[in-house]
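This report is written for a reader who is new to protein structures. Please look at the sequence and the structure before reading on.

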Amino acid sequence: MTLSKLDERLHFQQENLFQVKNWMTPSPYTIYPGKTLREAAEMMVQFRMDSLPVVDEANHLINIITSRKLLHYFAHGNGGEELISSIPKANLAIVHPDESILQILSLPYDQFPVMDKSGKLVGILTARDILDGVSKYMYKLNQQHSTGALGAILETAYEGIAVVDENGILQEFNEAYSRFTGISREDAIGRHVTEVIDNTHLHETVKTGIAERGVLQNIQGHDMVVHRIPLWKDGRIAGAIGMLIFEGVTEVYKIYEKLQGNQEKQQDLLTRKQEKDSRITIDQIIGTSDGVMEVKRLARKAARTAATVLITGESGTGKEMFAKSIHHLSPFSTGPFISVNCGAIPEHLFESELFGYEEGAFTGARKGGKPGKFELADNGTIFLDEIGDMPLVMQTKLLRVLQEKEAERVGGLKKIQINARVIAATNRNLKQLIEAGKFREDLYYRLNIIQLHIPPLRERKKDIPVLLIYYLREICERYQMPVKIFTSEAVNTFVEYSWRGNIREMVNTIEQLVTLVDGKVIEYDHLPDMLIRSETTKPKEERGFLEEAKFLGNKKESELIHEALKKAGGNKSKAAELLGIHRTTLYQKLRKHRIV
């Protein structure tokens, strides 16, 4: 069955969602054929790219340089001074913005240049972009209980896919994975995943319920990039899916660093560290819930224009990350990103901070004057955070700047042209402020050309496990500690907690647990009181036997497990249900307490 026929048979209602233009990276970095291979390598290292399109002055695609090609040239002793035009033209699979990612799923390429009708390059679609889309497609198919359709996708996928049940036993092992490992599907299915796939953690994904995306795994001597995604059914983990994405191609970066010497290597590492924060892309923003995916889609559209954007959402939801990602994908991406916290500037300094001042403008003014934030953001983006806290007087001046595209320094007479993309953000209700006379209505409409509302964390519970694993790894790495894991009970508690401080509060909680908990596993009992107390507000009928008894504190865990097994007549699945825990967790506790 072909994917196009599959689409017809399922009458998929959201075809537009899977068009290439919704998943590609628009306006990608490019390079001209007159540049050298060394310049291409520098650019790819700086922006951590695996491929770099070569275009002419009219933005027509000529070639694509990949890290593998550069690796070949550097490995043969070339110094990198050869022109890009010396690299033979690659076989390119050209796609168009309106095509479906499902139609190109089985093509054996890591990236696809996206061309418009006039032949100009408008974006790059990577294998990871496609699999993100397919993951959502598979979820939709699963909702429609279409086992045959899922099987068709598994076998037409170019990348390796393995599915395990709640005990880590392989249930699916597609042809691509079979070709790579040399183990047939028939020999793999029914065996524990650790017996078939090297260094796998898929069985741990079943235990923790935490998804992992884009992690390295060495399989048969090759560094591979994999996704591990838990499968949930009726609120419990029913298994996990592992996706083998592509072979890691970081060797070219290592060779390039050796060519540059130790000093340049250190400088490159420093540059990458600085770029990590300022070069945030939409794909790096964690979240696959419907609300976040919609915000990402709108952000991609907003980035292609120069229109003013207003980002709303509670404190700690990640408004500045979205602002930086829009800047990264916009025509202003080569310019600076200047952030201004409007809630932290004293009212009497607002004008000089935003528009600068001339020498002698006031007592204590710096010799030679000082440029304002708008000047510093020339040809880039200025991010006005907490815009709802801006004084009314400054709102009037800001409105004039937005309308006239020019400003004057304090104490100056010369008009300064403003050429900066404006993104504003607030956690306050601007319409209520307008009604209270604290925010100008005309400024609101000037800022609110495109509005992005970021949902609070409590409305995107699906993303919490993914955020947990990301920040857990990041914090462990920061403190140079072995990577820890959460039990599924701990993860469930995180998911159910109402995060008033959103992602910022959750990250602080993870950091606290990483630094205070000894050992590799963070369990329910390690969680701070605020998380555990929040669960006591749930109705008694919504709490499991074990969970309720923990709150009462009147029995030991081992005694409760014995009672549950007795009530369930020895049936472990029923006992786990009575205890309010997953069956796998029950097995762990049985081993812990040595209960036969």
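The text below treats the model's confidence, its overall make-up, a pair of helices, an enclosed helix and a few individual residues.

**Confidence**

The structure is a predicted model, and its confidence should therefore be considered before any detail. The protein chain has an average pLDDT of 79, and 80% of the residues score at least 70. Confidence is lowest in helix α1 (residues 3–10), with a mean of 42, and highest in strand β11 (residues 309–312), with 96. Residues 143–149 have a pLDDT below 50, and this stretch has nine contacts in the model beyond near neighbours in sequence. Over residues 246–278 the pLDDT likewise stays under 50; for these residues the model has 44 contacts beyond four places in sequence. Where pLDDT is low, the predicted coordinates should not be read in detail.

**Overall make-up**

The protein chain contains 25 helices and 21 strands. Of its 596 residues, 49% are buried. Among the contacts in the chain with a separation of 6 or more, 63% are between residues 24 or more positions apart.

**Helices α18 and α20**

How do helices α18 and α20 cross? The axes of helix α18 (residues 464–478) and helix α20 come within 10 Å and cross at roughly 50°. Because angles from 35 to 65 degrees belong to neither the roughly parallel nor the roughly perpendicular class, α18 is oblique to α20. The crossing of the two helices is right-handed. On the side of α18, the contact is made by Ile464, Leu467, Leu468, Tyr471, Leu472, Ile475, Cys476 and Arg478. Helix α20 contributes Ile503, Met506, Val507, Ile510, Glu511 and Val514. Of the residues in this contact, 12 are nonpolar, none is polar and two are charged. An α-helix has 3.6 residues a turn, so residues three or four places apart point the same way.

**Helix α19**

Is helix α19 enclosed or open? Seven of the nine residues of α19 (residues 488–496) are buried, so this helix is largely enclosed by the rest of the structure. The buried residues of α19 are Ser488, Glu489, Ala490, Val491, Thr493, Phe494 and Val495.

**Two residues with positive phi**

Most residues other than glycine have a negative phi. The table lists two residues with a positive value.

| Residue | Phi | Location | Relative accessibility |
|---|---|---|---|
| Glu386 | near 50° | loop between β15 (381–385) and α15 (392–404) | 15% |
| Asn502 | near 55° | helix α20 (residues 502–516) | 0% |

Buried means under 20% relative accessible area, so Glu386, at 15%, counts as buried. Asn502, at 0%, also counts as buried.

**Pro455**

Pro455 lies in the loop between β19 (450–453) and α18. Is Pro455 buried or exposed? Its relative accessible area is 11%, and Pro455 is therefore buried. Which residues does Pro455 touch, not counting those up to four places away in sequence? They are Gly291, Val292, Val295, Thr317 and Arg460. In addition, the C-alpha atoms of Pro455 and Gly313 are separated by 6.4 Å, although these residues are 142 residues apart along the chain.

Notes. Residues numbered from 1 in each chain as written. Predicted model: local features only at pLDDT ≥ 70, side-chain atom pairs only at ≥ 80, totals over all residues. Heavy atoms only, no water. pLDDT = per-residue confidence, 0-100. Helix = DSSP H or I, 4+ residues; strand = E, 2+ residues; numbered from the N terminus. Contact = heavy atoms within 4.5 Å. Buried < 20%, exposed > 50% of the residue type's maximum accessible area, 1.4 Å probe, protein only. Axes fitted to C-alpha atoms, helices over the stretch in contact; angles between N-to-C directions. Parallel < 35°, antiparallel > 145°, perpendicular 65-115°, else oblique. Left-handed = near helix turned anticlockwise from the far one by under 90°. Nonpolar A, V, L, I, M, F, W, Y, C, P; charged D, E, K, R; others polar.
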